[in-house]
Amino acid sequence: MWRATVLTLYPAMFPGPLGHALAGRALGVAWSCEALDIRAHALDRHRSVDDTPAGGGPGMVLRADVAAAALDSSGGCGPRILMTPRGKPLTQERVRALSRGPGVTLVCGRFEGVDQRLIEKRDLEEVSVGDVVLSGGEAAALLLLDACVRLLPGVMGDATSGDDESFERPLLEHPHYSKPRAFEGLVIPEALTSGDHAAVARWRKRRSLVDTRTRRPDLWAKYVAAATGGVDKPDETE
Ligand code: SAH
């Protein structure tokens, strides 16, 4: 079973949303989630876990000694990751690699962040979930776990539906349509209702290419480089 171990000041936040739907059904079967309270390792009678930043300034910092004690007794497996906006941006590639391993141990920061010496002494991998600042690492940890768990064997209903999605190629996925055929004057693109599988595939490929080029020039540049070795542009009409 794939093991998620989370160190947090708010263990009640887990599994949270991951206790529902696909991830929730797979909990205890394909994966386990253990949330450990960092505060249980506080050293003083006030159970304090944070203190003022060295050098001054606003806010508080999670103490290195308390967080290290929590981590050392966690018994977690897999890479040890600190959720932080200073980290390497999370990618689908990293998520896929994590989901193939034994599990992951996540440390959730709070306040202004965690003492740098924890990161260095416990050799934590620093991971960010985007160029936004959250109030704590818990939402970031839930995001990472959600992305990993859905890739575990047996978790997604249709095992193939993960292969073709946004970022796997790296292209954005095409948009989706369902029922009704006409909605407030908007009709499903003809190719999708034609019954012609080749036409459907062409339409989807084309939208995937066009949408990536217009919405995500950064991904488009990667795709062009990978598809052509950087020589010329892929044909959007193919
Ligand atoms: N002072 C810090 C922000 C601290 S936010 C700075 O400016 O860089 C408090 C905690 O929320 C962090 O310790 C981290 O664990 C979590 N967090 C906030 N934004 C995050 C992000 N984009 N990715 C991952 N974790 C994040």
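Which element gives the largest share of the shell around the ligand? In this predicted model, that's β5, which puts three residues into the shell.

**The ligand and its shell**

Let's start with who is around the ligand. Its surroundings amount to 19 residues, and the closest are Met83, Gly109, Glu112, Val132 and Leu134. Sorted by class, the shell has nine nonpolar residues, eight polar ones and two charged ones.

Now for the polar side of things. Backbone atoms of Met83, Gly130 and Gly136 come up here, and the table pairs each one with its ligand atom.

| Residue | Protein atom | Ligand atom | Distance |
|---|---|---|---|
| Met83 | backbone N or O | oxygen | 2.6 Å |
| Gly130 | polar backbone atom | nitrogen | 3.0 Å |
| Gly136 | backbone N or O | oxygen | 3.4 Å |

Met83 thus turns up twice: among the closest residues of the shell, and with a backbone atom 2.6 Å from a ligand oxygen. As for cover, the ligand taken alone would expose 560 Å², and the protein buries 85% of that.

Where does the ligand sit, then? The space it takes is the largest pocket. Two elements give two or more residues each to the shell around the ligand, namely β5 (80-89) and β7 (125-128).

**The largest pocket**

This pocket holds about 480 Å³ of space. Its lining runs to 25 residues, with Met83, Thr84, Pro85, Glu112 and Gly113 the closest to the centre. Met83 and Glu112 are familiar by now, since both are also among the closest residues to the ligand.

When it comes to elements, β5, α4 (116-121) and β7 each supply two or more residues to the lining. β5 again gives the most, this time with five residues. The lining splits into 12 nonpolar, nine polar and four charged residues.

**The second largest pocket**

There's another pocket worth a look. The second largest one has about 380 Å³ of space. It is lined by 13 residues, and those nearest its centre are Thr91, Gln92, Glu93, Phe167 and Lys222. Here the elements with two or more lining residues are both helices, α3 (92-100) and α8 (217-228).

How many residues of each class line the second largest pocket? Six are charged, five are nonpolar and two are polar. For the largest pocket, the matching counts are four charged, 12 nonpolar and nine polar.

Notes:
Residues numbered from 1 in each chain as written. Predicted model: local features only at pLDDT ≥ 70, side-chain atom pairs only at ≥ 80, totals over all residues. Heavy atoms only, no water. Near = heavy atom within 4 Å. Polar contact = N/O pair within 3.5 Å; in protein donor to acceptor, adjacent residues only side chain to side chain. Areas by Shrake-Rupley, 256 points an atom, 1.4 Å probe, with all protein chains shown as cover. 1 Å grid on protein atoms, 1.4 Å probe; cavity = no way out; pocket = protein on both sides within 12 Å on 5 of 7 lines; lining within 4 Å. Sits in = over half its atoms within 2 Å of the grid points. Helix = DSSP H or I, 4+ residues; strand = E, 2+ residues; numbered from the N terminus. Nonpolar A, V, L, I, M, F, W, Y, C, P; charged D, E, K, R; others polar. Points joined across faces, edges and corners; volume = space filled by probe spheres on them.
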